[in-house]
Amino acid sequence: VETQSESLTLRQLFASKELRKQLVVAIFIQLSMQLSGIDAIFYYSTSVFRSMGVEDPQLASTALGLTNVLMTLVAIALMDKAGRRSLLLFSWSGMCLCYALLTVAHLCSPAEGQTPVWVQNLAIVSMAGVVATFAVGPGCVAWFVIAEIFPTHAKDALLNLGVSLNWIANWIVAFTFPFVQQWLGRYTFVMFMASTGGFGIFTLCCVPE
């Protein structure tokens, strides 16, 4: 008989009826971290800024990295006060809004000629907003949420599963984004607006505090 002091294997984790709900939540959180589009922002921010006529796309991309670091520190300070679930809900709502604003900036950027300064600023602020709100929520608290909803004897198998899912989703977003960008053009980030909105609904309904 399996005792709770023994670590579960990955197969036992999937077979466990007692942990099924927690497993669904954990898989959702792991996939949502990457399918939120954050990797597309980090990997392709310079080319996106350039396509929108931002004058110094590399400097703007560097600012995104600094934003990520600073907001991660803010998230650490807020984590216990605000609660994990509340931070996730704030993040998904904020990311959804920022993707909507980024889409507006895309639609307002001219195909030729100088991009208006307000459009450049809107693009930079929107992408910085995506990074900032991600850092406050899933970028910081996701692993804590997963660790807290599982018993100790299941955490090793969960860690292996989580890391694998994270890297697979990371690769999918990184590989497919250029093709999606060609296909959807100025509406590329509507896809991530929809995904983060859906993640917010799932978090509201299924993720415990």
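Y99 is buried (under 20% relative accessible area with a 1.4 Å probe, protein chains only; exposed is over 50%), and F192 is buried too. The model is predicted: local features need pLDDT of at least 70 and side-chain atom pairs pLDDT 80 or more, while totals for chains, interfaces and linings use all residues. Residues are numbered from 1 along each chain as its sequence is written, and side-chain values use heavy atoms, without hydrogens or water.

**Exercise 1.** Classify the aromatic pair of Y99 and F192, and state which helices it ties together.

*Solution.*
- Step 1: Rings of Phe, Tyr and Trp (its six-membered ring) pair if their centres lie within 6.5 Å; planes under 30 degrees apart are stacked, over 60 edge-to-face, and the rest tilted.
- Step 2: By this rule there are 11 aromatic pairs.
- Step 3: The rings of Y99 and F192 are 5.7 Å apart centre to centre, with 35° between the planes, so the pair is tilted.
- Step 4: Y99 belongs to helix α5 (residues 84-108) and F192 to helix α9 (residues 190-206), so the pair joins parts 93 residues apart in sequence. Helices are DSSP runs (H or I, at least four residues), numbered from the N terminus.
- Step 5: Ring pairs also bring Y44, F177 and F189 into a cluster with Y99 and F192.

**Exercise 2.** Check the span of α9 and find on which side its buried residues lie.

*Solution.*
- Step 1: The expected span is 1.5 Å times one less than the number of residues.
- Step 2: For the 17 residues of α9 this gives 24 Å, which agrees with the 24 Å between its end C-alpha atoms.
- Step 3: F192, S195, T196, F199, G200 and T203 are the buried residues of α9.
- Step 4: These cover an arc of only 140° around the axis, which puts them on the same side of α9. The arc is taken from the directions from the helix axis to the C-beta atoms.
- Step 5: On the other side of α9, the exposed residues are A194, I201, L204 and C205.
- Step 6: The cover over the buried residues of α9 includes α2, α3 (38-51), α5 and α8 (155-184); contact means heavy atoms within 4.5 Å.

**Exercise 3.** Describe the largest nonpolar core and name its residues with the most contacts.

*Solution.*
- Step 1: A nonpolar core is a set of buried Ala, Val, Leu, Ile, Met, Phe, Trp, Tyr and Cys residues joined through side-chain atoms within 4.5 Å.
- Step 2: The largest has 55 residues, and L13, I41, F150 and F189 have the most contacts inside it.
- Step 3: Helix α6 gives the largest share of this core, nine residues.

Methods. Helices (H or I, at least four residues) and strands (E, at least two) are DSSP runs, numbered from the N terminus.
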